[in-house]
Amino acid sequence: MTEILPPLAHDATAVLIHDVGNYIQIAMSAMRLMSRHNGVASSHTLWAMVAQAEDSLDRAGALIRLSRTGLTSGEDVRLDECLAEMGTLLRYVTGPNVRVRLHVGIVPKVRVNRLGLQNVLVNLAINARDAMPDGGVLSISALFADGPEAPEVEVTVTDTGTGMEKDVLARALEPRFSTKPTGSGMGLAGARQFIEEAGGRITISSTLGRGTAVTLRLPTIV
Ligand SMILES: Nc1ncnc2c1ncn2[C@@H]1O[C@H](COP(=O)(O)OP(=O)(O)OP(=O)(O)O)[C@@H](O)[C@H]1O
Ligand SMILES: [Mg+2]
């Protein structure tokens with residue numbers, strides 16, 4: 001089995017900068033999308049653009065503030081609410097060619113930092129978008145599942161994209177590993193660090209030419 005090393009302590013700053021960059025990128029792509037509309041100034045799309053840009057900047061600010069206390073300061077999170085409030089954000093992340101499907105069964109609450117979990121999902125959605133340049137489907141589901149010791153909630157992010165070669169899959173969670181020309185390789189490493197600090201696990205399965213599924217297992221509140 002390939003040994004996957006956790007990020008070093010000093011990588012925390014790199015993860016933070018990386019994730020703040022994601023939100024700026026989302027705000028910009030929202031604006032680019034809206035600027036294609038004629039008469040944008042009088043349209044409700046302008047309101048949507050500004051709202052999304054403000055939300056992204058709020059998230060960036062909250063991430064910076066949380067860097068002082070740590071993203072692990074948990075709260076009781078209802079996944080249906082947590083995913084529902086990300087609907088618009090995820091559609092901006094993935095763009096017009098990717099269909100986004102959210103499915104949450106009846107699941108107990110999890111104790112995790114809400115913004116931190118959403119941040120992980122944004123990273124996974126960006127990876128899914130990058131893997132589907134010609135479009136496809138991004139599905140996010142949450143189910144109640146048996147864990148090794150106690151019940152867990154399983155959140156799965158699935159895409160119908162390129163999938164990964166075996167050697168890429170083996171290294172995908174490694175800090176600074178990237179196959180993208182401008183990738184920092186910190187998205188999955190940061191996700192892993194966050195999920196493990198929250199008491200959970202992250203696993204990836206991928207089939208070349210068919211797609212990828214990233215599974216997060218989170219402890220439930222007892
Ligand atoms: N959904 C996916 N489909 C195909 N390959 C993926 C997927 N997610 C990750 N990968 C592969 O794993 C590598 C590491 O992903 P990670 O998110 O850590 O970094 P990155 O996306 O390359 O860069 P960054 O997230 O820092 O912009 C990617 O470069 C890519 O090769
Ligand atoms: Mg990434």
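**Figure 1. Helix 4, an element largely enclosed by the rest of the structure.** In this predicted model, six of the eight residues of helix 4 (residues 87-94) are buried, so the helix is largely enclosed by what surrounds it. The buried residues of helix 4 are Gly87, Leu89, Leu90, Tyr92, Val93 and Thr94. Just after helix 4 comes Gly95, and its phi is positive, near 85°.

**Figure 2. The chain as a whole, with its seven helices and seven strands.** Before we go further into the close-ups, here is the overall setting. Reading from the N terminus, the order of elements is α-α-β-α-α-β-β-α-β-β-α-α-β-β. The chain has 222 residues, and 46% of them count as buried. Take the contacts between residues at least 6 apart in sequence: 72% of these join residues at least 24 apart. The accessible surface of the chain is about 11,800 Å², and carbon and sulfur atoms account for 55% of that area.

**Figure 3. The largest nonpolar core, a set of 55 residues.** Which residues have the most contacts inside this core? They are Leu79, Leu117, Leu121, Leu138, Val155 and Leu216. Helix 5 (residues 114-131) is the element that gives the most to the core, supplying nine residues. Two of the core residues, Leu79 and Val155, have views of their own below.

**Figure 4. Leu79 and its surroundings in the core.** Leu79 belongs to helix 3 (residues 79-84). Is Leu79 buried or exposed? Leu79 is buried, because its relative accessible area is 3% and the cut-off for buried is under 20%. Once residues up to four places away in sequence are set aside, Leu79 touches Val104, Val107, Val110, Leu117, Ala142, Val153 and Val155. Look for Val107 among these: Leu79 and Val107 are 28 residues apart along the chain, yet their C-alpha atoms are separated by 7.6 Å.

**Figure 5. Val155 and the residues in contact with it.** Leaving out neighbours within four places in sequence, the contacts of Val155 include Leu79, the residue at the centre of the previous view. Val155 is also in contact with Leu121, Ile140, Ser141, Ala142, Val214, Thr215 and Leu216. Among these partners, Leu121 and Leu216 are, like Val155, listed with the most contacts inside the largest nonpolar core.

**Figure 6. A salt bridge between Arg114 and Glu75.** The side chains of Arg114 and Glu75 meet here, with an N to O distance of 4.0 Å. Distant parts of the chain are linked by this pair: Arg114 sits in helix 5 and Glu75 in strand 1 (residues 75-77), 39 residues apart. Arg114 is partly exposed at 32% relative accessibility, and Glu75 is partly exposed too, with a relative accessible area of 30%. A search of the whole structure finds 13 salt bridges, and two further ones follow in the next views.

**Figure 7. A salt bridge between Glu154 and Arg217.** In this pair the side chains meet at 2.9 Å, N to O. Glu154 lies in strand 5 (residues 152-159) and Arg217 in strand 7 (residues 211-219), so the bridge ties together parts that are 63 residues apart in sequence. Glu154 counts as buried at 19% relative accessibility, and Arg217 is buried at 18%.

**Figure 8. A salt bridge within helix 7, and a salt-bridge network.** Glu196 and Arg192 form a salt bridge in which the closest N and O atoms are 3.0 Å apart. Why are Glu196 and Arg192 separated by about one helical turn? Because they are four residues apart in helix 7 (residues 187-197). Glu196 is partly exposed at 39% relative accessibility, whereas Arg192 counts as buried at 15%. Elsewhere, salt bridges that share partners join Glu152, Glu154, Arg201 and Arg217 into one network.

**Figure 9. A nonpolar patch on the surface.** Our last stop is on the outside. Ile24, Met28, Met31 and Leu57 make up this patch, which covers about 350 Å². Helix 1 (residues 11-35) contributes the largest share of the patch, three residues. Ile24 is found in helix 1 and is partly exposed, with a relative accessible area of 42%.

Conventions. Residues numbered from 1 in each chain as written. Chains lettered and ligands numbered in written order. Predicted model: local features only at pLDDT ≥ 70, side-chain atom pairs only at ≥ 80, totals over all residues. Heavy atoms only, no water. Core = buried A, V, L, I, M, F, W, Y, C linked by side-chain atoms within 4.5 Å. Buried < 20%, exposed > 50% of the residue type's maximum accessible area, 1.4 Å probe, protein only. Helix = DSSP H or I, 4+ residues; strand = E, 2+ residues; numbered from the N terminus. Contact = heavy atoms within 4.5 Å. Patch = residues over 30% accessible without salt bridge, like charges linked within 9 Å, V, L, I, M, F, W, Y side chains within 5 Å. Areas by Shrake-Rupley, 256 points an atom, 1.4 Å probe, with all protein chains shown as cover.
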